[in-house]
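These are my notebook entries on a single protein chain. I record what I looked up, one topic at a time.

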Amino acid sequence: MTWPAVLGVDGCRGGWVGVRLGGPVPIVYVAPTIAELVEAAGPGLECVGIDMPIGLPDDGPRAAEGLVRVLLGRRRSTVFSTLVREAYAAPSYAEGQLVQRAATGTGFSQQSWGLRHKILEVDSWVRGGVPVRVVEVHPETSFAVLLGAPVAEGKKSPEGQQARRTALRDAGIEPPERPRRGVGEDDLLDACVVAWTAARVARGEARSHPEVPETFSDGWPAAIWA
C-alpha cells in the first residue's frame with residue numbers, strides 16, 4: 001500500500017514519539033518537544049496527527065469528547081475531558097480545580113491535570129503557526145474505526161497490544177521496533193494508529209467529531225478525527 005507522507009504523534013515519558021508513513025517502511029522518531037519531533041520527521045508532510053487536545057474551550061465541555069465517548073461505548077473512560085483554557089493556565093492543581101468548577105460546575109482528575117504541560121506545549125506550537133496540517137486524534141477511537149468496534153482489551157495488556165498490532169498489520173502498517181527507554185509499547189502503537197488516521201485525513205477519508213469543528217477564542221478548529 002502507498003501511504004501519503006504523514007506523521008502520527010503520541011506523548012511518552014521521553015517527550016514525544018512519532019511514526020512517519022510515506023516511505024518503504026514506517027519510521028519512528030523520538031524527541032523532547034513536539035517542534036523538534038516534527039522537524040526531525042523531515043519536510044514534505046501532508047498531515048500531522050497528535051493524540052492531544054487541540055482547541056481549548058473557554059467555558060463548558062467540548063463536543064468532541066462526548067461524541068467519541070458514544071462511539072466507544074464501554075471504552076468511553078479512555079477519553080479525558082479537555083479543561084477550559086484558564087484552568088490549564090492555573091499555577092496549581094487546586095487553583096485549576098477552582099477555575100474549572102467556576103466555568104463548568106465540575107472538577108477533573110489528577111490524570112487530566114498531568115497532561116497539562118504537554119497540552120500547553122502543543123497549544124503554543126500550533127498557535128505559533130505550523131507549515132503543515134495538524135489534527136487531533138484519539139487512538140482508541142481510531143482503533144475502533146479501523147476494526148469496526150472498540151478493542152476490548154486495555155492497551156497496556158499483552159492481549160490488548162497484540163490485538164492492536166494485528167489490526168495495524170492488517171491495515172498495511174508494520175509497527176517499527178520500539179526505539180529506546182522512555183517510549184512504552186502502547187505509546188508506539190498509539191502513534192502508529194494516529195498515523196493511520198492522519199493518512200485518512202490526507203486522503204479525505206476521515207471524519208471529524210463533530211462534523212463541523214467547534215472554534216473557541218484560540219481560533220483553532222476543535223475536533224477529533226478518525
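**Entry 1. A loop residue**

Where is Ser81 found? I located Ser81 in the loop between α2 and α3. I note at the outset that the model is a predicted one. I then looked up the exposure of Ser81: at a relative accessibility of 41%, Ser81 counts as partly exposed. Leaving aside residues up to four places away in sequence, I found that Ser81 touches Glu65, Arg69, Tyr88 and Ser112. For one of these, Glu65, I looked up the separation from Ser81: 16 residues in sequence, and 6.5 Å in space from C-alpha to C-alpha.

**Entry 2. A residue of α2**

I turned next to Leu72, which lies in helix α2, residues 63–72. Is Leu72 buried or exposed? Leu72 is buried, because its relative accessible area is 2%, and the cut-off for buried is under 20%. Residues up to four places away in sequence are not counted in its contacts; beyond them, Leu72 touches Thr78, Val79, His138, Glu140, Thr141, Ala144 and Pro150. I also looked up a pair involving Leu72: Ala171 is 99 residues away in sequence, and the two C-alpha atoms are 20 Å apart.

**Entry 3. Helix α6 and the loop after it**

I compared the span of α6 with the expected value. The helix has 12 residues, and its first and last C-alpha atoms are 16 Å apart, close to the 16 Å expected at 1.5 Å a residue. Which residues of α6 are buried? They are Arg116, Ile119, Val122, Asp123, Trp125 and Val126. I recorded the elements against which the buried residues of α6 pack: β2, α1, β4, α3, α5 and β5.

Just after α6, I found Gly129 with a positive phi of about 95°. For background, most residues other than glycine have a negative phi. In the loop between α6 and β5 I located Pro131. Pro131 is exposed, with a relative accessible area of 85%. Gly8 is 123 residues from Pro131 along the chain, and their C-alpha atoms are separated by 16 Å.

**Entry 4. Helix α7**

I listed the buried residues of α7 as Pro139, Glu140, Thr141, Ser142, Phe143 and Ala144. Against which elements do the buried residues of α7 pack? I recorded α2, β5, α8, α9 and β7. Just after α7, Gly148 takes a positive phi of about 90°.

**Entry 5. Helix α9**

I checked the length of α9, which covers residues 185–203. At 1.5 Å a residue, its 19 residues should span 27 Å, and the C-alpha atoms at its ends are indeed 27 Å apart, so the two values agree. How many of the 19 residues of α9 are buried? I found 17 of them buried, so the helix is largely enclosed by the rest of the structure. After α9 comes Gly204, with a positive phi near 80°.

**Entry 6. How α7 meets α9**

Two packed helices are described by the angle between their axes and the distance between the axes. I looked up both values for α7 and α9: the angle is about 65°, and the axes are 9 Å apart. The crossing of α7 past α9 is left-handed. On the α7 side, the contact is made by Pro139, Ser142, Phe143, Val145 and Leu146. On the α9 side, I recorded Leu189, Asp190, Val193, Val194, Trp196, Thr197 and Arg200. Sorted by class, this contact has 8 nonpolar, 2 polar and 2 charged residues.

**Entry 7. Cysteines**

A disulfide is a covalent bond between the sulfur atoms of two cysteines. How many disulfides does the structure hold? I found 0, and I then asked what separates the cysteine sulfurs. For Cys12, the closest cysteine sulfur is that of Cys192, 13 Å away, which is too far for a bond. For Cys47, the closest is also in Cys192, at 16 Å, again too far for a bond. The cut-off for a disulfide is within 2.5 Å. Cys12 is buried, at a relative accessible area of 7%, and Cys47 is buried at 0%.

**Entry 8. A cis peptide bond**

As background, most peptide bonds are trans. I noted that a cis peptide bond joins His209 and Pro210, with omega about 5°. Pro210 has its place in strand β6, residues 208–215.

Notes. Residues are numbered from 1 along each chain as its sequence is written. This is a predicted model: local features need pLDDT of at least 70, side-chain atom pairs count only at pLDDT 80 or more; totals for chains, interfaces and linings use all residues. Side-chain values use heavy atoms; hydrogens and water are left out. Buried means under 20% relative accessible area, exposed over 50%, partly exposed in between (1.4 Å probe, protein chains only). Helices (H or I, at least four residues) and strands (E, at least two) are DSSP runs, numbered from the N terminus. The expected span of a helix is 1.5 Å times one less than its number of residues. Axes are lines fitted to C-alpha atoms, for helices over the stretch in contact, and angles run from 0 to 180 degrees between N-to-C directions. A crossing is left-handed if the near helix is turned anticlockwise from the far one by less than a right angle, and right-handed if clockwise. Contact means heavy atoms within 4.5 Å. Ala, Val, Leu, Ile, Met, Phe, Trp, Tyr, Cys and Pro count as nonpolar, Asp, Glu, Lys and Arg as charged, and the others, Gly among them, as polar.
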